[in-house]
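Good morning, and thank you for making room for this on the agenda. I would like to walk through one structure with you, going from single contacts to whole helices.

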Amino acid sequence: MQNFDYSIPTKIYFGKGQIEKLSNIAQFGKRVLLVYGGGSIKKNGIFDRVTEILGENGIEYFELSGVEPNPRVETVERGADICRKNNIDAVLAVGGGSAIDCAKVVAAAAKYDGPAWDLVLDGTKIKEALPITAVLTIAATGSEMEGYAVITNFETNEKLDAASELLNPAFSILDPTYTYSVSRRQTASGTADIMSHVLEVYFTKEKDAFLQARLCEAVLKTCIQYGPIALEEPENYEARANLMWAGSLAINGLLSYGSDVPWSVHPLQHILAAYYDITHGEGLAILTPIWMEKVLSDETMEKFAEYGRNVWGISPHKETEEIARLSIEKTRAFFDAMGLPKTLREVGIGEEKLAEMAQRVEKDLTDTYVPLTAADVLEIYKKAL
């Protein structure tokens, strides 16, 4: 097992009614930037409750609304400008991963004398940031409990991670009832996103990280158990609560400490989204089974069989190769059953730019679970069409 330093500094307030803990934001000051997306929080009443609590605590708020599903660097710049002009003390994201990611880089850019994109390209330039807090409304990215933020620059066709310990939220509020109004599509996409985060660290080169593998399997089985229930019973608290906590655990570092390797499928999806602005979880659901088929070999066969036995419950009495291949089939079938798209063409991606994207992403796949060349990536993309 690799050496590691353990730190998950975000305080979590989990459960019904925990929005009351938002009053703790007053410790940071009296002027807050409220960051949110397309306005759904105004329809479901969350915005009113949040602003009511801010008002009760004498906190003035300024708004950065309209954050995109793939948050853009221009929106980050707009938010940072609001912070500087209004002497903002803290940034509060209300929404899913997009709003939280945007809020994180806004908080850093507000303290940086230069373009916000600098901080995405080089996280070491993040020397300070405004305090970051979050009210989560979608179980998916896990951004509420880690120090990464994914930002898109469509001018350069890049979708990249900004990373710094300073981007960890000080606290996040996770009330599963706030996800009741999430659509079927977003619920399915979010479940695929959570599962992909886990699969990225489950398929590792480390052979002796037994505990981490068992933790990964537990989170995967939770998604498989409760994803379909949340689709059919959107106000099932048990399902929404388990998915919400699974989303945080999937990426807060707990599952990967001691066994981390560079991720494989996320870079494949990120470059697609940088060109085509597609929904993250949908892209992951399309690519994951095809990536699995590509990297399945004599060397990886046993790991896939372990996945099949422990996650999908495939009989251990079957041959190792059969179990491995069945595990991939079951992964694909699960995403299909959740109503997720099966091909890139379904999300508006054709063959035109595949080779260009494959060339650009190759540099990110040289030290992954199974290293991939541009030719390998292109093969995956074409099979996904």
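**Salt bridges, helices and two single residues**

I begin with R184, which at 47% relative accessibility counts as partly exposed, and I should say at once that what you are looking at is a predicted model. R184 forms a salt bridge with E232, and the closest N and O atoms of that pair are 3.2 Å apart. Because E232 lies in helix α7 and R184 in helix α6, the pair ties together parts that are 48 residues apart in sequence. The partner E232, with a relative accessibility of 56%, is counted as exposed, since the cut-off for that class is over 50%.

That pair belongs to a longer list, for a search of the whole structure finds 22 salt bridges. I will take up two further pairs and one network.

In one of these pairs, the side chains of R49 and E20 meet with an N to O distance of 2.6 Å. R49 is placed in helix α2, residues 46–56, and E20 in the loop between β1 and β2, so this salt bridge ties together parts that are 29 residues apart in sequence. R49 has a relative accessibility of 21% and is therefore counted as partly exposed, and E20, at 42%, is likewise counted as partly exposed.

The other pair is D277 with R72, whose side chains meet in a salt bridge at 3.5 Å, N to O. Here distant parts of the chain are linked, with D277 in the loop between α9 and α10 and R72 in the loop between β3 and α3, 205 residues apart. D277 counts as partly exposed at 33% relative accessibility, and R72 counts as partly exposed at 30%.

The network joins R214, E217, K303 and E306 through salt bridges. One of its members, E217, is among the buried residues of α7, while K303 and E306 are among the buried residues of α11, and that brings me to these two helices.

How far apart should the ends of helix α7 be? At 1.5 Å a residue, the 23 residues of this helix, 210–232, should span 33 Å, and the end C-alpha atoms are 34 Å apart, which agrees. Even so, α7 has a kink of about 30° at Y226, shortly before the proline P228. The buried residues of α7 include Q212, A213, C216, V219, L220, C223, I224 and Y226, and it may help to recall here that an α-helix has 3.6 residues a turn, so residues three or four places apart point the same way. What covers the buried residues of α7 includes α6 (184–202), α8 (237–249), α11 (301–310) and α12 (320–337).

Turning to α11, seven of its 10 residues are buried, so this helix is largely enclosed by the rest of the structure. The buried residues are M301, K303, F304, A305, E306, Y307 and G308, and they pack against α6, α7, α10 and α12.

Helix α10 also holds K294, which at 28% relative accessibility counts as partly exposed. Which residues does K294 touch, leaving aside its neighbours within four places in sequence? Its contacts are L372, D376, E379 and I380. K294 and E235, by comparison, are 59 residues apart in sequence and lie 38 Å apart in space, C-alpha to C-alpha.

The second single residue is A109, in helix α4, residues 97–109. Is A109 buried or exposed? With a relative accessible area of 0%, A109 is buried. Setting aside neighbours within four places in sequence, A109 is in contact with V76, A80, R84, A116 and L119. Between A109 and F304 there are 42 Å in space, C-alpha to C-alpha, and the two are 195 residues apart in sequence.

I finish with a surface feature. M1, F4 and Y6 make a nonpolar surface patch of about 340 Å². Of these residues, Y6 lies in the segment before β1, residues 11–14, and with a relative accessibility of 55% Y6 counts as exposed.

Notes. Residues numbered from 1 in each chain as written. Predicted model: local features only at pLDDT ≥ 70, side-chain atom pairs only at ≥ 80, totals over all residues. Heavy atoms only, no water. Helix = DSSP H or I, 4+ residues; strand = E, 2+ residues; numbered from the N terminus. Expected span 1.5 Å × (residues − 1). Bend = angle between axes of the 7 residues up to and from the residue. Buried < 20%, exposed > 50% of the residue type's maximum accessible area, 1.4 Å probe, protein only. Contact = heavy atoms within 4.5 Å. Patch = residues over 30% accessible without salt bridge, like charges linked within 9 Å, V, L, I, M, F, W, Y side chains within 5 Å. Areas by Shrake-Rupley, 256 points an atom, 1.4 Å probe, with all protein chains shown as cover. Salt bridge = Lys/Arg side-chain N within 4 Å of Asp/Glu carboxyl O.
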